[in-house]
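Grab a pencil and work through these exercises with the model open beside you. Try each task before you read its solution.

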Amino acid sequence: MKSKAPSIISADMVLQGSINSEGEVQLDGSVEGDIRAGSLTIGEEASVDGEVVAETVIVRGKVKGSIRARQVQLAATARIEGDIVHSALSMESGAFFDGHCRHSSDPVADAGKASSGKDPAAAASSSSSSASTPPASSSSSSAPSSPPKASDSSSNPSLDLPKSKSSA
């Protein structure tokens, strides 16, 4: 791959359709479609509604869809709603990620397999939705319906549950 200037999609641009590039893409606007690139940087105000496939992906904005890349970096301002298949994943404190992540030795090459004939591992990981069956320890919506036990509040200090019980 030759060293070329990056393709830049500015903040005032909304693109409906897919992007294919062998080089570097810097996205500051919105894309409603899939992106395939050698390297992709998604800016803080940028958003993608579709699948992302690249060698390297840096996310500072929003992605609603799956990401497949050898190297994935999620900045503190990143908001991901979808699955990530990666060789290397780094996430800064403050990044939001709602989905499954799975390690793959070659996630970019696996992208063709997963889109044509579902990979059994990918199908299994995407069949269970974290939104429909959240773990009890991370669900704050279940706390008001039943009073917490004393052992619950001491075993998980990250939950902000009331420590006093009613005198019933």
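**Exercise 1. Two faces of a strand**

Along strand E4 (residues 24–27), which side chains point to one face and are buried, and which point to the other and are not?

*Solution.* Before you start, keep in mind that this is a predicted model.

Step 1: Recall the general pattern. In a regular strand the side chains alternate between the two faces of the sheet.

Step 2: Sort the residues of E4. Val25 and Leu27 share one face and are buried, while Glu24 and Gln26 point to the other face and are not buried.

**Exercise 2. The neighbours of E4**

Find out which strands pair with E4, and how many bridges each pairing has.

*Solution.* Step 1: Look at strand E1 (residues 7–9). Its pairing with E4 is parallel and has 3 bridges. In this pairing, Ser7 sits opposite Val25 of E4.

Step 2: Now turn to E6. E4 and E6 are joined by 4 bridges, again in the parallel sense. You can pick out two matches here: Gln26 has Thr41 of E6 as its bridge partner, and Leu27 stands opposite Ile42 in E6.

**Exercise 3. Following E6 outwards**

How many residues of E6 are buried, and which strand does E6 join over 7 bridges?

*Solution.* Step 1: Check the cover. E6 has 8 residues, and 6 of them are buried, so call this strand mostly covered.

Step 2: Count the bridges to E8. There are 7 between strand E6 (residues 35–42) and E8, and the two run parallel. Leu40 is matched with Val57 of E8, and Ile42 has Val59 in E8 as its bridge partner.

Step 3: Don't forget strand E3 (residues 19–20). E3 runs parallel to E6 and is joined to it by 2 bridges, with Asn20 partnered by Arg36 in E6.

Step 4: Go one strand further. E8 (residues 52–59) is mostly covered too, with 6 of its 8 residues buried. E8 also pairs with strand E10 (residues 67–74), in the parallel sense and over 7 bridges. Here Thr56 has Gln71 of E10 as its bridge partner.

**Exercise 4. Thr41 and Ser39**

Is Thr41 buried or exposed? Then list what Thr41 and Ser39 touch.

*Solution.* Step 1: Place Thr41. This residue lies in strand E6.

Step 2: Compare its accessibility with the cut-off. Buried means under 20% relative accessible area; Thr41 has 15%, so it counts as buried.

Step 3: List its contacts. Setting aside neighbours within four places in sequence, Thr41 is in contact with Val25, Gln26, Leu27, Ile58 and Arg60.

Step 4: Do the same for Ser39, which is also in strand E6. Not counting residues up to four places away in sequence, Ser39 touches Gly23, Glu24, Val25 and Thr56. Ser39 and Thr56 are 17 residues apart along the chain, yet their C-alpha atoms are separated by 4.8 Å.

**Exercise 5. The six-strand sheet and Val31**

In what order do the 6 strands of the open sheet with parallel pairing come?

*Solution.* Step 1: Read off the order. The sheet goes E2-E5-E7-E9-E11-E13. Strand E2 (14–16) and strand E13 (96–98) are the edge strands, each pairing on one side only. From one strand to the next, the twist averages 5°.

Step 2: Zoom in on one pairing. Strand E5 (residues 30–32) and strand E7 (residues 47–49) run parallel and are joined by 2 bridges. Val31 stands opposite Val48 of E7.

Step 3: Study Val31, which is in strand E5. Its relative accessible area is 1%, so Val31 is buried. Leaving out residues up to four places away in sequence, Val31 touches Leu15, Gly17, Ile19, Ser47, Val48 and Asp49. The C-alpha atoms of Val31 and Ala46 are separated by 8.3 Å, with the two positions 15 residues apart along the chain.

**Exercise 6. The whole chain**

How many helices and strands does the chain have, and what share of its residues is buried?

*Solution.* Step 1: Count the elements: 3 helices and 14 strands.

Step 2: Look at burial. Of the 168 residues in the chain, 30% are buried.

Step 3: Check the surface. The chain exposes about 10,100 Å², and carbon and sulfur atoms supply 50% of that.

Step 4: Finish with the rings. A search of the whole structure turns up 0 aromatic pairs. There is, though, a charge over a ring: the charged end of Arg79 sits over the ring of Phe96, 4.2 Å from its centre.

Definitions and conventions. Residues numbered from 1 in each chain as written. Predicted model: local features only at pLDDT ≥ 70, side-chain atom pairs only at ≥ 80, totals over all residues. Heavy atoms only, no water. Buried < 20%, exposed > 50% of the residue type's maximum accessible area, 1.4 Å probe, protein only. Pairing = 2+ DSSP bridges. Contact = heavy atoms within 4.5 Å. Areas by Shrake-Rupley, 256 points an atom, 1.4 Å probe, with all protein chains shown as cover. Axes fitted to C-alpha atoms, helices over the stretch in contact; angles between N-to-C directions. Phe/Tyr/Trp six-rings, centres within 6.5 Å; stacked < 30°, edge-to-face > 60°. Lys NZ or Arg CZ within 6 Å of the ring centre and 35° of its normal.
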